[in-house]
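Student: I would like a close look at one part of this model, followed by an account of how its surroundings are arranged. Please begin with the aromatic pairs and then proceed to the charged and polar side chains.

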Amino acid sequence: MNASMLSGRAVRERILGLLDAPPAVPDFSAGYLDLLPPGEEAAPSIAQRVMESAFLPQIYERVWRPVGFNLAKGWPLGPDTAQEHALARAWLGLGADRPDANVLDVACGPGNVTRALAAGTGEDGLVVGLDVAEGMLARAARDTADPRVGYVRGDAVDLPFRDGTFDAVCCFGALYLIDDPWRALDGMVRVLRPGGRLVVLTSRRPGLPLSRLGGRAIAEVSGVRLFGDGEITGFLRASGFEDIRRRRYAAMQMVGATRT
Ligand SMILES: C[S@@+](CC[C@H](N)C(=O)[O-])C[C@H]1O[C@@H](n2cnc3c(N)ncnc32)[C@H](O)[C@@H]1O
């Protein structure tokens, strides 16, 4: 048995130890822990159907993500992907001070942000990427050799982890796709330990006349929800978070906070 097989086994054991109800026979056969029945996907909106296509995972990280997100962040004024990752690590408090942090990356897609978060943890850190889409997770598992990273197929609206498990929770580029984003956020709060940090990168509805109406129409047709200024920060304040910070971009917003 080689070293990477040993480290793969160690990360799997660690992930099983974080679960609320570990399965009697864990299924890691596709390279990630599968906690959902075969074929079960999230709400069938147009946007989520695209996420679950076989094609998108092949071009997501190199083309779709940088082009789409950089435009939505107001390129060239907004942060590029590397700056966005650095900000996420900083707001989550990862780095030399917390080398052994347990981090959850909700709706991790092909693991692009998950791996960037792992770059901020030490040898004893653990970063768990969770997503519902099999194609995305297969790509994530294929592209990840980092022994601190493991993947779980599960639903962001019903996170399978114990309360207070994680030091840091990240959810980038996904809250607007989730049919019940407030329940998903409630779950992220639940799995975060007191003092732990949350960071979210999501859509932003520009504060223009009729934009609320337009936002509703976009959500109806595509399944992409546009969050108003103050919606996410308001939720976090009401959930007892402190040190709430936000950066506004053209059509996106990044929000970070610490759980009290
Ligand atoms: C645009 S990708 C984001 C990937 C990565 N976090 C990033 O920032 O580039 C959105 C991901 O959210 C996932 N997703 C949507 N609804 C979900 C849900 N209810 N539970 C878990 N994942 C979900 C999709 O499958 C997709 O992989």
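Tutor: The model is a predicted one, and a search of the whole structure finds three aromatic pairs. One of them is formed by Trp182 and Phe227, with an edge-to-face arrangement in which the centres are 5.7 Å apart and the planes stand at 85° to each other. Trp182 belongs to helix 7 (residues 181-191), whereas Phe227 sits in the loop between helix 8 (211-222) and helix 9 (231-238), so the pair ties together parts that are 45 residues apart in sequence. Phe227 is buried, because its relative accessible area is 0%. Trp182, in contrast, has a relative accessibility of 24% and therefore counts as partly exposed. Both rings belong to one aromatic cluster together with Phe235.

Next come the charged side chains. The structure holds 13 salt bridges. Side chains of opposite charge can pair when their charged atoms come close. One such bridge joins Arg115 and Glu61, with 2.7 Å from N to O. This pair links distant parts of the chain, since Arg115 lies in helix 5 (residues 112-118) and Glu61 in helix 3, 54 residues apart. Arg115 has a relative accessible area of 19% and is therefore buried, while Glu61, at 35%, is partly exposed.

Arg115 also leads to a polar residue, Thr144: a polar contact of 2.9 Å joins their side chains. Thr144 is found in the loop between helix 6 (134-143) and strand 4 (149-153). With a relative accessible area of 16%, Thr144 falls under the 20% limit and so is buried. A polar atom of the Thr144 side chain also lies 2.6 Å from the backbone oxygen of Ala140. Leaving aside residues up to four places away in sequence, Thr144 touches Arg115, Val149 and Tyr151.

Further salt bridges involve residues with numbers close to that of Thr144. Arg142 forms one with Asp143, the closest N and O atoms being 3.3 Å apart. Arg142 counts as exposed because its relative accessibility is 58%, whereas Asp143 is partly exposed at 28%. Another bridge brings together the side chains of Asp146 and Arg148, at 2.6 Å from N to O. Arg148 counts as buried, because its relative accessibility is 19%. Elsewhere, Arg204, Asp229, Arg246 and Arg248 are linked in a network of salt bridges.

Arg148 provides a passage to strand 2. The C-alpha atoms of Asn102 and Arg148 are separated by 9.6 Å, although their positions lie 46 residues apart along the chain. Asn102 is found in strand 2 (residues 102-106) and, with a relative accessible area of 15%, is buried. Not counting residues up to four places away in sequence, Asn102 touches Arg14, Leu18, Leu126, Thr165, Phe166, Asp167 and Ala168.

Finally, the surface offers a contrast to these buried residues. Val63, Val67, Leu71 and Trp75 form a nonpolar patch there, with about 430 Å² of accessible area together. Trp75 is found in the loop between helix 3 (56-72) and helix 4 (81-91). Its relative accessible area is 57%, and Trp75 is therefore exposed.

Notes
Residues are numbered from 1 along each chain as its sequence is written. This is a predicted model: local features need pLDDT of at least 70, side-chain atom pairs count only at pLDDT 80 or more; totals for chains, interfaces and linings use all residues. Side-chain values use heavy atoms; hydrogens and water are left out. Helices (H or I, at least four residues) and strands (E, at least two) are DSSP runs, numbered from the N terminus. Buried means under 20% relative accessible area, exposed over 50%, partly exposed in between (1.4 Å probe, protein chains only). A polar contact is a pair of N or O atoms within 3.5 Å; within protein, one must be able to donate a hydrogen and the other to accept it, and residues adjacent in sequence count only if both atoms are side-chain atoms. Contact means heavy atoms within 4.5 Å. Patches are made of residues with over 30% relative accessible area and no salt bridge: like charges are joined within 9 Å, nonpolar side chains (Val, Leu, Ile, Met, Phe, Trp, Tyr) within 5 Å. Accessible areas come from the Shrake-Rupley method with a 1.4 Å probe; for residues, only the protein chains shown count as cover. A salt bridge is a side-chain nitrogen of Lys or Arg within 4 Å of a carboxyl oxygen of Asp or Glu. Rings of Phe, Tyr and Trp (its six-membered ring) pair if their centres lie within 6.5 Å; planes under 30 degrees apart count as stacked, over 60 as edge-to-face and the rest as tilted.
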